[in-house]
Amino acid sequence: MVYLCMMYISWNDSLNFIVKITPRRAWNFAKVLASYQLTKWLRRPVQWGLPVTVSMEPTTACNLRCPECPSGLRAFSRETGNLKEDFFRRTVDELHRDLFYLYFYFQGEPYINPKFLEMVKYAHDRRIFTITSTNGHFLNDENARRTVESGLDRLIISVDGTTQDTYQQYRVEGKLETVLQGARNVVAWKKKLGARHPHIVFQFLVVRPNEHQIPDIYRLAKEIGVDEVKLKTAQVYDYEQGNPLIPTIDRFARYRQQPDGQWSVKNALANHCWKLWHSCVITWDGLVVPCCFDKDAQHRLGDLKTMPFTELWHSPAYNAFRRNILKGRDQIDICTNCTEGCSVWA
């Protein structure tokens, strides 16, 4: 019975995506995939399509102080601020006919942006599959109702522990019960409004302090009525000498210890990257960067305040970065701690 219920839930999430597929979007995906495969064969960048997925950053502000996050550490060198609604609408108007997914996150807590849910609704009305990731502290009853009404397709809530003591070791200054109540609020409003969205995911970042609670997060999600649990491996910055966040369960560690005692990334860093062909990240102030690993926007490939996206996507700067990927990902700083092509991703 539980298996059949989970099949139904997964089908709801899939259906929300399927109904948004158009011939133009499918054709764009085919062009992107073909150009990526041809690139790997020719060893030179070919790009025929436009992004299939885009991440837009609602804000760089955050209420928590997580130890491996630039937002939490208040460690950005770039300016901080909120995504402006008029700029967001112009960008979506340019991209939505070819776009499958719009991810409302990069750095920061999306719900801090006061116009966040209005922007979700705008994208939803253009039949884009919308996703956000939140620490869950702003899902009060009002925001939970507005979240369901916005048409958001997938809501990822970070729950990195099943007790307050464990949770706060990574989610510093966070309150677990506030997060769990927020999830209950969204579940309740889905039922009240008879909505099949958003698909609610508990994302559990597996680190050494919480790895013993993996069975508990599944039980907790079932009790609340959450649709899915996703276990995620953790990126840490200082790993060469080991790090107390690296799990002891090897499956959930991105790093392995070498015979000399040093630690290294498990990923072999193949010299190609699907992300550079099908997706990109747009910061709150309109900068376009290669991917979510460029957290401080150091590899700026263009500025949407000064040029249209289509021109930027096919620009010499973008193709030069793609060319550098093909020459050697181990020579690009943001690639050296990346999961692209890494089999340990959970």
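Accessible areas were obtained by the Shrake-Rupley method with a 1.4 Å probe, and on this basis the protein chain of the predicted model exposes about 15500 Å², of which carbon and sulfur atoms supply 54%. Of the 346 residues of the chain, 56% count as buried. The chain comprises 12 helices and 11 strands. Its radius of gyration is 20 Å, close to the 20 Å given by the globule rule for 346 residues, so the chain is as compact as a globular protein of that length. Taken along the principal axes, the box filled by the C-alpha atoms is roughly 55 × 50 × 40 Å. Among the contacts with a separation of 6 or more, 68% are made by residues 24 or more positions apart. The chain carries 45 positive and 37 negative charges, and the mean positions of these two sets are 5 Å apart.

Three of the helices may be described by the way in which their buried residues are arranged. In helix α4, which spans residues 85-95, the buried residues are Glu-85, Phe-87, Phe-88, Thr-91, Val-92 and Leu-95. These residues cover an arc of only 160° around the axis, which puts them on the same side of α4. Asp-86 and Arg-90, by contrast, are exposed on the other side of the helix. The cover over the buried residues of α4 includes the strands β1 (53-56), β2 (101-104) and β9 (279-282), together with the helices α5 (116-125) and α11 (309-313).

The loop that lies between α3 (70-73) and α4 contains Gly-81. When residues up to four places away in sequence are not counted, Gly-81 touches Pro-58, Thr-59, Thr-60 and Trp-284. Between the C-alpha atoms of Gly-81 and Asn-113, which are 32 residues apart along the chain, the separation is 9.0 Å. Asn-113 also serves as a reference point for Trp-274, which is 161 residues away along the chain and whose C-alpha atom is separated from that of Asn-113 by 30 Å. Trp-274 is placed in the loop between β8 (263-265) and α10 (275-278), and with a relative accessible area of 21% this tryptophan is partly exposed, the limit for a buried residue being under 20%.

Helix α6, formed by residues 141-150, has Asn-143, Ala-144, Thr-147, Val-148 and Ser-150 as its buried residues. Viewed down the axis of α6, they fall within an arc of 160°, so they line one face of the helix. Both α5 and α8 are included in what covers these buried residues of α6. Just after the helix, Gly-151 takes a positive phi of about 90°.

In helix α9, made up of residues 214-224, the buried positions are Ile-214, Ile-217, Leu-220, Ala-221 and Ile-224. Their directions, seen down the axis of α9, fall within an arc of 115°, so these residues line one face of the helix. The face turned away from this buried side carries Lys-222 and Glu-223, which are exposed. Among the elements that cover the buried residues of α9 are the helix α8 (176-193) and the strands β5 (199-206) and β6 (228-233). The residue that follows α9 is Gly-225, which has a positive phi near 100°.

Further backbone features concern residues other than glycine and a peptide bond. Most residues other than glycine have a negative phi, and most peptide bonds are trans. Arg-43, although not a glycine, has a positive phi of about 65°. This arginine is found in the loop between α2 (23-42) and β1, where, at 41% relative accessibility, Arg-43 counts as partly exposed. Ala-297 is likewise not a glycine and has a positive phi of about 55°. The loop that holds Ala-297 runs between β10 (287-289) and β11 (302-303), and with a relative accessible area of 1% this alanine is buried. A cis peptide bond, with omega about 0°, joins His-197 and Pro-198. Pro-198 lies in the loop between α8 and β5, two elements that are also included in the cover over the buried residues of α9.

Terms used:
Residues are numbered from 1 along each chain as its sequence is written. This is a predicted model: local features need pLDDT of at least 70, side-chain atom pairs count only at pLDDT 80 or more; totals for chains, interfaces and linings use all residues. Side-chain values use heavy atoms; hydrogens and water are left out. Buried means under 20% relative accessible area, exposed over 50%, partly exposed in between (1.4 Å probe, protein chains only). Helices (H or I, at least four residues) and strands (E, at least two) are DSSP runs, numbered from the N terminus. The arc is that of the directions from the helix axis to the C-beta atoms. Contact means heavy atoms within 4.5 Å. The radius of gyration is taken over C-alpha atoms; the globule rule is 2.2 Å times the number of residues to the power 0.38. Lys and Arg count as positive and Asp and Glu as negative; His and the chain ends are not counted. The place of a charge is taken as NZ of Lys, CZ of Arg, CG of Asp or CD of Glu.
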